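Q: Could you take a close look at one part of this model, the loops of the smaller-numbered stretch and whatever they lead to, and then set that part in its wider context? A connected account would be more useful to me than a list.

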Amino acid sequence: MSFREKSAWITFIALLAFGIYFGEIAQHLLDGAAPRVSYFPLFLGLVAALVVLEVVMHIAIAMRSPQDARTPRDERERALAQRATVRAYYVLLVGAFAAIGTMHLGANAWLLAHAALFAVWIAELTRYASLLYDYRQGAKA
Amino acid sequence: MSAGAISNNIRRLRFEHGEMTQQALAERIGVTRQTVNAIELGKYSPSLEVAFRIAGAFARPLDDVFRYREPGDGA
């Protein structure tokens, strides 16, 4: 597996782990509780933990294959990244309109912000899932 | 990015050039080994520039390395 594929896996898993935050929010909404701002420490804590995890894991995989890590992206990798971004864009577009839709269903600013954040999260997951799928399809070495 | 109609002789040419590894070829033409593998398996069609670099690495003309078959051409 190439350095870039490992890197994409790390980011994908870190993004999945961020689902903990949305799980908490969903539980909160299902309980019928009023939105509150006390989720901010959880949000900040998760972001900080995932950034640290990403940095540490990237250093670890770069140390295992330093030459691979130094090699700039080639044309195929750029094409795969571009394709993944296009796919994620459509997901983001749908998510953005859905987030706007929540406003018309009576959502307040807190819910609207979380709907937008959820759309960004799903779009990023789509981007990395697409990248990993294409790496697997085109690099069965 | 689909490479269905384009075939190549890279594997044979690597063999004829002292069993050159995919990694060695990748370093000569400035792409990753995974990209050489994808090209060799016909999963990725390289740009014209990379195609010329591959041909150059084997000191062969381009059509000795790559072949294009028209869609519907059974030959």
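A: Glu19(B) sits in the loop that runs between helix 1 and helix 2 (22-29) of chain B, and in this predicted model its backbone takes a positive phi of about 50°, although the residue is not a glycine. Glu19(B) counts as exposed because its relative accessible area is 55%, and the cut-off for that class is over 50%. Ala59(B) offers a second case in chain B: it lies in the loop between helix 4 and helix 5 (62-65), and it too is not a glycine, yet has a positive phi, here of about 55°. With a relative accessibility of 69%, Ala59(B) is therefore also placed among the exposed residues.

A third loop residue of chain B, Asn9(B), is found between strand 1 (6-8) and helix 1 (10-16). Is Asn9(B) buried or exposed? Its relative accessibility is 14%, so Asn9(B) counts as buried, the limit being under 20%. Setting aside residues up to four places away in sequence, Asn9(B) touches Asp64(B), Val65(B) and Arg67(B). The side chain of Asn9(B) reaches the backbone oxygen of Asp64(B) at 2.9 Å. The C-alpha atoms of Asn9(B) and Phe66(B) are 6.6 Å apart in space, although 57 residues separate the two in sequence.

These loops belong to a chain with five helices and two strands, which follow one another along the sequence as β-α-α-α-α-α-β. Of the 75 residues of chain B, 41% count as buried. Among the contacts of chain B between residues at least 6 apart in sequence, 58% join residues at least 24 apart. The accessible surface of chain B comes to about 4,300 Å², and 52% of that area belongs to carbon and sulfur atoms.

From chain B the account can pass to chain A by way of helix 5 of chain A, whose buried residues pack against helix 3 (33-40) and helix 4 (48-57) of chain B, together with helix 1 and helix 6 of chain A. The buried residues of this helix are Glu75(A), Arg76(A), Glu77(A), Ala79(A), Leu80(A), Ala81(A), Ala84(A), Ala88(A), Gly95(A) and Ala99(A). Helix 5 of chain A covers residues 75-104, and its 30 residues should span 44 Å at 1.5 Å a residue, which agrees with the 44 Å between its end C-alpha atoms. At the N-terminal end, Asp74(A) acts as a cap, with a side-chain oxygen 3.1 Å from the backbone nitrogen of Arg76(A). After the helix comes Gly106(A), whose phi is positive, near 95°.

Helix 2 of chain A, residues 19-30, can be read in the same way. Its 12 residues reach 16 Å from the first C-alpha to the last, close to the 16 Å expected at 1.5 Å a residue. The buried residues here are Gly19(A), Tyr21(A), Phe22(A), Ile25(A) and His28(A), and what covers them includes helix 1 (3-17), helix 3 (40-64) and helix 6 (109-138) of chain A. Just after helix 2 of chain A, Gly32(A) takes a positive phi of about 75°.

Helix 1 of chain A, named above among the elements that cover helix 2, also holds Ser7(A). Ser7(A) counts as buried because its relative accessibility is 16%. Apart from neighbours within four places in sequence, Ser7(A) is in contact with His58(A) and Ile61(A), and a polar contact of 2.7 Å joins the side chains of Ser7(A) and His58(A).

Taken as a whole, chain A has six helices and zero strands, in the order α-α-α-α-α-α, and its C-alpha atoms fill a box of roughly 50 × 30 × 20 Å along the principal axes. Of its 141 residues, 35% count as buried. Residues 24 or more positions apart account for 82% of the contacts in chain A with a separation of 6 or more. The accessible surface of chain A comes to about 8,300 Å², with 71% of it belonging to carbon and sulfur atoms, while the mean positions of its 13 positive and 10 negative charges are 5 Å apart.

Note on methods. Residues are numbered from 1 along each chain as its sequence is written. Chains are lettered from A and ligands numbered from 1 in the order in which they are written. This is a predicted model: local features need pLDDT of at least 70, side-chain atom pairs count only at pLDDT 80 or more; totals for chains, interfaces and linings use all residues. Side-chain values use heavy atoms; hydrogens and water are left out. Helices (H or I, at least four residues) and strands (E, at least two) are DSSP runs, numbered from the N terminus. The expected span of a helix is 1.5 Å times one less than its number of residues. Buried means under 20% relative accessible area, exposed over 50%, partly exposed in between (1.4 Å probe, protein chains only). Contact means heavy atoms within 4.5 Å. Accessible areas come from the Shrake-Rupley method with a 1.4 Å probe; for residues, only the protein chains shown count as cover. Lys and Arg count as positive and Asp and Glu as negative; His and the chain ends are not counted. The place of a charge is taken as NZ of Lys, CZ of Arg, CG of Asp or CD of Glu. A polar contact is a pair of N or O atoms within 3.5 Å; within protein, one must be able to donate a hydrogen and the other to accept it, and residues adjacent in sequence count only if both atoms are side-chain atoms.
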